[in-house]
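Student: Before I accept the terms used for a model such as this one, I would like to see each of them tested against its own criterion. Could we go through them one at a time?

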Amino acid sequence: MRLACWTILAAAALTVAGCSSYPDQAATRASAESMVSKSFTAPTPDLLKRLEQDRSQRICSKIGGARLTQEEAAEVVKLARASIQYPPSGKLAGDWKAGEKLAHDGAGDRIQFGRLEKRKENGGLCQNCHALAPGEINVGNIGPALTGYGAQRGTSDAVAKLTYERIYNGWAYAPCSNMPRLGATGHLTPEQIAHLVAYLLDPASPINRKP
Amino acid sequence: MAVVRRGFAALALACLVTPGTGLAQVKPDAGITIGRQMLADDNPGELWIEQGKTLFHQKRGPKSASLEQCDFGLGAGKLEGASVRLPRYFSDTDRVQDLESRLVTCMVELQGFKRDDIVARAISPAGSNGSDIEALALYITSRSNGMKMSVSLDHPKEQEMYMAGEYLFFRRSGQTDFSCLQCHGDADKRIRLQDLVHMTSKKGVQEVVATWPAYRGAHFVVRTMQWRLYDCFWQMRLPELAYASDVSIALTTYLHYQGNGAVIKVPGFKR
Amino acid sequence: MNNMRRAFLQWAGGIAALAAAGLLRPAQAWAASWNKAGFESKVVNDVLKSLGAANPAESKEITITAPDIAENGAVVPVAVASRLANTQQISIVAEKNPFPLAATFEVAGGGEGYVSTRIKMGQTSDVWALVKADGKYYVARKEIKITVGGCG
Amino acid sequence: MAEPMKIRAILQGDVADVRVLMLHPMETGQRRDAKGELVPLHFIQSVVVTHNGKTVLDAQWSQAVSRNPFLGLRVKGAKAGDRISVTWVDNQSDKRTDEAVVAPAS
């Protein structure tokens, strides 16, 4: 649907602009990337590196949200698999209470008025996009509801591992999905992700409370 | 093993289908809309239109000049219908400019203000009385109220800006892996309780281009498109979008062109 | 209602700033009539006492129009309509605010029993519409949920 | 300095629907500014609305009324062309009066 919509829009744009003088993809990319390099400021130069795309992000930036080729999808999955690191302790499920707090924390690491938002740790951002415990109202819906996550799946090691990996780098399972690669990009630490796993799985966690 | 497979299948499915299926989601809409309507019906943003008008006609700056000689594309001082054709190419600067970057040009060239000073003050602190540019941008856009957005891409530089804007709309980067699409690519999505505009639909993008500048309830001031874009990049954990930068103008060109046909109605009211 | 809303988009004719002096009572007179005890009360009971409104009767003749969920606690729209005969006064009270009494409106002459405003609310709370009609006090309550807006 | 209000007064039958927007910080005295200093309590305490010179609403406000306040009311027995005047006074004795004419329903 989105693809079709995009195709129509592109066709319309081409008609208006006239094909002959229309910039090609490489030229557009070069001009846009040059704009990116000149349009942002940061308190320290290293923070400007955040604008640079890694290989996966480049593949996942299809105009119009167009479909990946099989090769592209396979490459993103492969890069994602290779990126996943586990906590040194080996424990994939931490403290659900710490996880609950993280899941409801949307702050950390933003840049405003020439300052980096420095905190002890970054928030997990979950609440922005996912429904969490039953009855919570102030939750987003960009991602699937996680209400009853553990109650439905159980608490086996396999479920814990899968859940951990989906948070660390979900592109290993769903290449280029909307879900940020929270561990792989360094937004969250392995320990924080283990807390989130516990929050999702633990039978005592509010997320698994009966509605 | 069976558990793993089932878990994986559930997750994979959840990524493919529209979220919200399967599990009951709280539907807060009904209890919220009445509040939104009550706020939008009486929009404090209206209070800034007069201020913008005064600022436009006042002799100000080191050169003690008004902005009446500023050309927003339809001739010096002609404001009716100017906003619906912006961004556009200006030969005097040899650039594609949106309303706000054009205002900066005029405040520098005609009034003698220093560019850095204007840009540093352009986005006002929340809870302040607002900036000159915010009031001016609202006043000038309000002179196109009731008119249809009609941005053209006739000039090669306008095409280039549009194409760059489109590319940037879908460009993912940073530690959240976001482009504009992640939040604005589907209908009926929210970040927490805040509705997100579906910008890849004609209706959604038209809603955007028709309602900025807008009064932002949480900030108690009028905000502009430049601020809207700046704030998105902030949430994306990216560096700060420079005011009136090419990236901001490219994205605005892309969105305004997509929104052609939208009937301007400012100030909008945003949460 | 839609027609009405559209009509409001057209500003009523000339709006003239007046030289205030002739029309204003002196500032001191205002301060004297301001219900200091009520506005400085920290619990609803003290607010009621300050108004002489102990034990107001529940009334279905009072309607509170407000969202069930407010996205921004700094701007919560609240409208109160009273169909009680001879409505004289309407107060808006946010039960769990540090100072619950937000506003009191004396309705006189041709004023209808209707006011609409926007208040700040620190947390989810019952909002009271306290109405004095024919010398007696009546009340209606509505819960308004406050969520922390924004993504921060 | 007090900025002008926006007043709309539209006739609906014989009732004027009056809507007023005011520009005022409505400081609670609890907020800190960018420098970390407390911003002093500063809020509108009184609002009086008159219809052809006769008081129809006499309001007392606390700092709990939102910044850039809104006031809506209905005035019975109004006609097109009637004068609606609104005056506010704040706790720092700043004040402002503006007037509008009741417009017929369109």
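Tutor: What follows is a set of questions and answers on a predicted model, moving from one residue to an interface and then to two of the chains.

Student: Why is B:Thr211 called buried?

Tutor: The relative accessibility of B:Thr211 is 18%, and the word buried is kept for values under 20%, so B:Thr211 counts as buried.

Student: Where in chain B is B:Thr211 found, and which residues does B:Thr211 touch beyond those up to four places away in sequence?

Tutor: B:Thr211 lies in the loop between α9 (202–210) and β5 (214–216) of chain B, and, with residues up to four places away left out, B:Thr211 touches B:Lys265, B:Val266, B:Gly268 and B:Lys270.

Student: What makes the pairing of B:Thr211 with B:Lys270 a polar contact?

Tutor: The side chains of B:Thr211 and B:Lys270 are joined at 2.8 Å, and the cut-off for a pair of N or O atoms, one able to donate a hydrogen and the other to accept it, is 3.5 Å, so the pair qualifies as a polar contact. The side chain of B:Thr211 also reaches the backbone oxygen of B:Glu207, at 2.7 Å, which is again within 3.5 Å.

Student: Turning to chains A and B, how do you know that A:Glu33 and B:Arg171 form a salt bridge?

Tutor: The closest N and O atoms of A:Glu33 and B:Arg171 are 2.8 Å apart, and a side-chain nitrogen of Lys or Arg has to be within 4 Å of a carboxyl oxygen of Asp or Glu, so the pair is called a salt bridge. The count between chain A and chain B is two salt bridges, and there are also 36 residue pairs in polar contact, both residues being at pLDDT 80 or more.

Student: Which elements of chain A give two or more residues to the side that touches chain B, and which gives the most?

Tutor: The elements of chain A that do so include α1 (2–17), α2 (25–38), β1 (40–41) and α9 (157–169), and α1(A) gives the most, with eight residues. By residue class, that side of chain A divides into 38 nonpolar, 30 polar and 13 charged residues.

Student: How many residues are in contact across chains A and B, and how much area do the two chains bury between them?

Tutor: On chain A 81 residues are in contact with 62 residues of chain B, and the two chains bury about 6400 Å² between them, with 58% of that area on carbon and sulfur atoms. Of the area that chain A buries against chain B, A:Met35, A:Arg110 and A:Asn141 supply 10%, more than any other three residues.

Student: What makes up chain D in terms of helices and strands, and what share of its residues is buried?

Tutor: Chain D has zero helices and seven strands, and 63% of its 106 residues are buried, a label that requires under 20% relative accessible area. The C-alpha trace of chain D spans about 50 × 25 × 20 Å along its principal axes.

Student: What is the pattern of elements in chain C, and what share of its residues counts as buried?

Tutor: Chain C has four helices and 10 strands, which follow the pattern α-β-α-α-α-β-β-β-β-β-β-β-β-β along the sequence, and 52% of its 152 residues count as buried. Chain C exposes about 6800 Å², of which carbon and sulfur atoms supply 51%.

Key: Residues are numbered from 1 along each chain as its sequence is written. Chains are lettered from A and ligands numbered from 1 in the order in which they are written. This is a predicted model: local features need pLDDT of at least 70, side-chain atom pairs count only at pLDDT 80 or more; totals for chains, interfaces and linings use all residues. Side-chain values use heavy atoms; hydrogens and water are left out. Buried means under 20% relative accessible area, exposed over 50%, partly exposed in between (1.4 Å probe, protein chains only). Accessible areas come from the Shrake-Rupley method with a 1.4 Å probe; for residues, only the protein chains shown count as cover. Contact means heavy atoms within 4.5 Å. Buried area is the accessible area (1.4 Å probe) that two parts lose on being put together, summed over both. Ala, Val, Leu, Ile, Met, Phe, Trp, Tyr, Cys and Pro count as nonpolar, Asp, Glu, Lys and Arg as charged, and the others, Gly among them, as polar.
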